[in-house]
Amino acid sequence: MIHRIFISSKLTSGLEKKDKKALGSSIDKFLKNCQSQLSQEPPSGILLMYNQHALFCIESSQEIIMLVMLEIITNLSSIVSESKVLSFTENVPTRLFQHGWADVSLPIRPLEQKHETSDSISQVIINMIKQTVSLSEYVNHNVPKVNYRARCETMISSQTQLIVSEEIIEYISNNRTLFSTSDYVEKYTKPLDVVLDQELIWPLEIRLFPYM
């Protein structure tokens, strides 16, 4: 089963293009290792790296998605921080990015004025996903499979109208109501603490079993 998750993150300030390429290569290698070790379908999606932020769209199994989040929380914490889970969709019928995984280091530009809107944070995220869908349609129809990762960066960087602006990513990342990746992993891995009705009764019943 293929699931899809969107994650926003803040990047360490002062990262140069070579640092972002190293980050993209590290995640690409990590995804390939996960795939080979778990013997599952290859992950797909995209990592957009802005000047100070990043946007992940990962399409893979639940196990690999969880491993990626753990990697972000632990081994990548010096570069990637304050990651938020924006959307998680289970059992997607088709992949958005059909040719595989790519990472794109976008041209550095100064942030303009802060994004302001009367829309709810849910609507802002929905609009962001719609724009990413448009980007994926462009990628699927125009970027060849041969040397896919390198060509993605060359061809996507010029399609600014299809790329979610960094101002919007910053706006979403600063929202305190969204789950962090740490919160998400904790809730997913922590056992449920179910309270039984009889535990709320005082005094406690002595005969716990009907045959005693």
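Leaving aside its neighbours within four places in sequence, with which residues is V139 in contact? In this predicted model, the residues that V139 meets beyond those neighbours are F97, H99, Y148, C152 and I156.

V139 also belongs to the largest nonpolar core, a set of 30 residues in which L48, M128, V139 and I172 have the most contacts inside the core. At least two residues of this core come from each of the strands β2 (44-49), β3 (53-60) and β5 (101-105), and likewise from each of the helices α3 (121-142), α4 (148-156) and α5 (166-173). The element that gives the most is α3, which supplies seven residues. A second core, separate from this one, consists of 26 residues and has I5, L11, L31 and F56 among its members. In soluble globular proteins, nonpolar side chains tend to be buried together.

The helix α5 was then considered on its own. Because seven of its eight residues are buried, α5 is largely enclosed by the rest of the structure. The buried positions are E166, E167, I168, I169, E170, I172 and S173, and the elements against which these residues of α5 pack are the strands β1 (3-11), β3 and β4 (80-89), together with the helix α3.

At the surface, L38, L67 and L70 make a nonpolar patch of about 210 Å². Of these residues, L38 is located in helix α1, which covers residues 17-38. The relative accessible area of L38 is 35%, and L38 is therefore classed as partly exposed, since buried means under 20% and exposed means over 50%.

Conventions:
Residues are numbered from 1 along each chain as its sequence is written. This is a predicted model: local features need pLDDT of at least 70, side-chain atom pairs count only at pLDDT 80 or more; totals for chains, interfaces and linings use all residues. Side-chain values use heavy atoms; hydrogens and water are left out. A nonpolar core is a set of buried Ala, Val, Leu, Ile, Met, Phe, Trp, Tyr and Cys residues joined through side-chain atoms within 4.5 Å. Buried means under 20% relative accessible area, exposed over 50%, partly exposed in between (1.4 Å probe, protein chains only). Helices (H or I, at least four residues) and strands (E, at least two) are DSSP runs, numbered from the N terminus. Contact means heavy atoms within 4.5 Å. Patches are made of residues with over 30% relative accessible area and no salt bridge: like charges are joined within 9 Å, nonpolar side chains (Val, Leu, Ile, Met, Phe, Trp, Tyr) within 5 Å. Accessible areas come from the Shrake-Rupley method with a 1.4 Å probe; for residues, only the protein chains shown count as cover. A salt bridge is a side-chain nitrogen of Lys or Arg within 4 Å of a carboxyl oxygen of Asp or Glu.
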